[in-house]
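Welcome! Could you walk me through this structure, one question at a time?

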Amino acid sequence: MKKLLTFICCLMVFIPWSIFPLRSNPWALASPNAEIIIYSYAAFMIFSAVFTILCYTKGKVKNRIMEIAAVINGIYGVGAVSLIGLGIYTALR
């Protein structure tokens, strides 16, 4: 079970990078589509940060790979929260 959780958390590290090939399409740069894509990726990054940190602390999956995944997904999560906050600030302004 611990190996499976480690694999899932490591996979979650690389999924946010799939936004770059997706955003190379012209339809992904249009206004409503762009916001939906960006906020969907931000929500996924927040979920992956919370999931990884919970697996590390509550699930007691403590190995070197999981430590690295927890740090990277934590950084992604903080960045995603900042991105959503910036979007809300811009929308309200």
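The questions below go from the whole chain to its helices, its largest pocket and a few single residues.

Q: How many helices and strands does the chain have?
A: Please keep in mind that this is a predicted model. From the N terminus on, the elements run α-α-α-α. That fits the count for the chain, which is four helices and zero strands.

Q: What share of the residues of the chain counts as buried?
A: The C-alpha atoms fill a box of roughly 40 × 30 × 15 Å along the principal axes. A residue is called buried when its relative accessible area is under 20%. Of the 93 residues of the chain, the share that counts as buried is 29%.

Q: Among contacts between residues at least 6 apart in sequence, what percentage joins residues at least 24 apart?
A: One example of a contact between helices involves Ile84, which is in helix H4 and touches Tyr39, Ala42 and Ile46. For the chain, the contacts taken into account are those between residues at least 6 apart in sequence. Of these, the part that joins residues at least 24 apart is 70%.

Q: Where do the buried residues of H1 fall, seen down the axis of the helix?
A: H1 has 13 residues and reaches 19 Å from its first C-alpha to its last, close to the expected 18 Å. Its buried residues are Leu5, Thr6, Cys9, Met12 and Val13. Seen down the axis of H1, these fall within an arc of 120°, so they line one face of the helix.

Q: Which exposed residues does H1 carry on the face turned away from its buried side?
A: On the buried side, the cover includes H3 and H4. The face of H1 turned away from there carries the exposed residues Lys3, Phe7 and Phe14.

Q: Which helices are included in what covers the buried residues of H3?
A: H3 has 27 residues and spans 39 Å between its end C-alpha atoms, close to the expected 39 Å. Its buried residues include Ala34, Tyr41, Met45, Ser48 and Cys55. What covers the buried residues of H3 includes H1, H2 and H4.

Q: Which helices do the buried residues of H4 pack against?
A: H4 has 29 residues and reaches 42 Å from end to end, C-alpha to C-alpha, close to the 42 Å expected. Among its buried residues are Met66, Asn73, Gly74, Tyr76 and Gly87. The buried residues of H4 pack against H1 and H3.

Q: Which helix gives the largest share of the lining of the largest pocket?
A: This pocket holds about 170 Å³ of space. H2, H3 and H4 each supply at least two residues of its lining. The largest share is four residues, and the helix they come from is H3.

Q: How many nonpolar, polar and charged residues line the largest pocket?
A: The lining is made up of Pro16, Trp17, Ile19, Phe20, Arg23, Ile38, Tyr41, Ala42, Met45, Tyr76 and Leu83. Arginine counts as charged, and the other kinds of residue in this lining count as nonpolar. By class, then, the lining has ten nonpolar, no polar and one charged.

Q: Is Ile84 buried, partly exposed or exposed?
A: Ile84 has a relative accessible area of 25%. Buried would need a value under 20%, and exposed a value over 50%. Ile84 is therefore partly exposed.

Q: How far apart in space are Ile84 and Ser48?
A: Along the sequence, Ile84 and Ser48 are 36 residues apart. From C-alpha to C-alpha, their distance in space is 15 Å.

Q: Which residue in the loop between H3 and H4 has a positive phi although it is not a glycine?
A: Most residues other than glycine have a negative phi. In the loop between H3 and H4, one residue has a positive phi of about 55°. With a relative accessible area of 56%, this residue is exposed. Its name is Lys60.

Q: Which residues does Leu29 touch, not counting those up to four places away in sequence?
A: Leu29 lies in the loop between H2 and H3. Leu29 and Phe51 are 22 residues apart in sequence and 30 Å apart in space, C-alpha to C-alpha. The residues that Leu29 touches are Arg23 and Ala34.

Notes
Residues numbered from 1 in each chain as written. Predicted model: local features only at pLDDT ≥ 70, side-chain atom pairs only at ≥ 80, totals over all residues. Heavy atoms only, no water. 1 Å grid on protein atoms, 1.4 Å probe; cavity = no way out; pocket = protein on both sides within 12 Å on 5 of 7 lines; lining within 4 Å. Points joined across faces, edges and corners; volume = space filled by probe spheres on them. Expected span 1.5 Å × (residues − 1). Buried < 20%, exposed > 50% of the residue type's maximum accessible area, 1.4 Å probe, protein only. Contact = heavy atoms within 4.5 Å. Arc of directions from axis to C-beta.
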